[in-house]
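Biologist: Before we discuss any detail, could you put the sequence and the coordinates side by side, so that we can work through them in turn?

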Amino acid sequence: MASELMDRSAGEQQQVRLEEALFRLLFDGCPQEHVKPGHHLFMQDDEADRVYGVIDGTIEIAIYSEGGRKLVANIETEKSLIGEIGALDGGLRTATATCLTEATLVSVSRRQLFDRIEAHPRLASAMIGVLCARLRWVSAELGDQALLKIEARLAKRLLLLCELIQDETGWIGISQSELAEFLGATRESINKTLTDWRRLGVIEIRRGGLKVLNRAVLEKLGSAPDD
């Protein structure tokens, strides 16, 4: 089964990753590329000619409107795949992928991807599993956007970020503007909610970051039904 060929990290999003052995098989012999923060792997609407694997680092996947408004769709970390949709169907890139930190990457061309899938059928099953997991994630996000209040959405997102980018001291390096982009919300609504939570001792805030002090409260908020 495809689900048995993938690893899923902890957290609400459950990042999709190929099994270690399949990740190595897909990128066997590919040179590693070291990139700096701010480097774009690709831009939205670019031609899709490669799929990337993250050895280490943090990559932001963002969608932009014609007017330049930004929505952060996902955060990818080690052993994640990036760009597989466009590489598989040959269409344009659906989002922009930007390195938030220094990162080490490997990649294969679209032709190499299909050659390796043909040579190793287990890769085909695993890629189907990846695509299905992506679809489930998008469906869940649409449901949250439509049905949950900002407090519940923000609580769920902070718990996710704790799993993905929290440092060893518990701090999450993200600004309130970036959180707003991650939720498709206004900075003002994010600021008001975070200020209330800081007053209640749920989080601690500093410039460019925050720390979750009471996960139980966020978990309760994130699972509460909308009124």
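**Rings, domains and cores**

Modeller: In this predicted model, a search of the whole structure finds two aromatic pairs.

Biologist: What is the angle between the planes of F23 and F27?

Modeller: F23 is buried at a relative accessible area of 4%, and F27, at 5%, counts as buried too. The two rings form a tilted pair, with a centre-to-centre distance of 5.0 Å and an angle between the planes of 55°.

Biologist: Is the pair of F42 and Y52 stacked, edge-to-face or tilted?

Modeller: This pair links distant parts of the chain, since F42 belongs to strand β4 (residues 40-42) and Y52 to strand β5 (residues 50-56), ten residues apart. F42 is buried with a relative accessible area of 8%, and Y52 counts as buried at 10%. The ring centres are 6.2 Å apart; planes under 30 degrees apart would count as stacked and those over 60 as edge-to-face, and because the planes here stand at 35°, the pair is tilted.

Biologist: Which residue in the loop between β4 and β5 has a positive phi?

Modeller: The loop between β4 and β5 is the place of D45. Phi is positive there, at about 80°, although the residue is not a glycine, and the residue is D45.

Biologist: What is the phi of K79, and where does this residue lie?

Modeller: K79 is found in the loop between β7 and β8 (81-82). Its phi is positive in a residue other than glycine, with a value near 70°.

Biologist: Which side chain does E76 meet in a polar contact?

Modeller: E76 is placed in strand β7 (residues 70-76), and with a relative accessible area of 2% it is buried. Its side chain is joined by a polar contact of 2.9 Å to that of R134.

Biologist: How far apart are the C-alpha centres of domain 1 and domain 2?

Modeller: The chain is divided into domain 1 (20-144) and domain 2 (150-223). Twelve residues from domain 1 and ten residues from domain 2 take part in the contact, while the C-alpha centres of the two domains are separated by 26 Å.

Biologist: Where does the largest nonpolar core lie with respect to the domains?

Modeller: This core has 28 residues, and L154, L158 and W197 are among those with the most contacts inside it. At least two of its residues come from each of several elements, including β7, α5 (150-165) and α7 (187-199), and the largest share, nine residues, is supplied by α5. Because domain 1 (20-144) and domain 2 (150-223) both contribute residues, the core lies between the two domains.

Biologist: Is α5 largely enclosed or largely open to the outside?

Modeller: α5 has 16 residues and spans 21 Å from its first C-alpha to its last, close to the 22 Å expected at 1.5 Å a residue. A residue counts as buried under 20% relative accessible area, and 13 of the 16 residues of α5 are buried, so with respect to the rest of the structure this helix is largely enclosed.

Biologist: Which residues does L218 contact beyond its neighbours within four places in sequence?

Modeller: L218 is one of the residues with the most contacts inside the largest nonpolar core. With its neighbours within four places in sequence left aside, its contacts are A155, L158, L159, W197, V202 and V212.

Terms used
Residues are numbered from 1 along each chain as its sequence is written. Side-chain values use heavy atoms; hydrogens and water are left out. Helices (H or I, at least four residues) and strands (E, at least two) are DSSP runs, numbered from the N terminus. Buried means under 20% relative accessible area, exposed over 50%, partly exposed in between (1.4 Å probe, protein chains only). A polar contact is a pair of N or O atoms within 3.5 Å; within protein, one must be able to donate a hydrogen and the other to accept it, and residues adjacent in sequence count only if both atoms are side-chain atoms. A nonpolar core is a set of buried Ala, Val, Leu, Ile, Met, Phe, Trp, Tyr and Cys residues joined through side-chain atoms within 4.5 Å. Domain bounds come from an automatic or database domain assignment. Contact means heavy atoms within 4.5 Å. The expected span of a helix is 1.5 Å times one less than its number of residues. Rings of Phe, Tyr and Trp (its six-membered ring) pair if their centres lie within 6.5 Å; planes under 30 degrees apart count as stacked, over 60 as edge-to-face and the rest as tilted.
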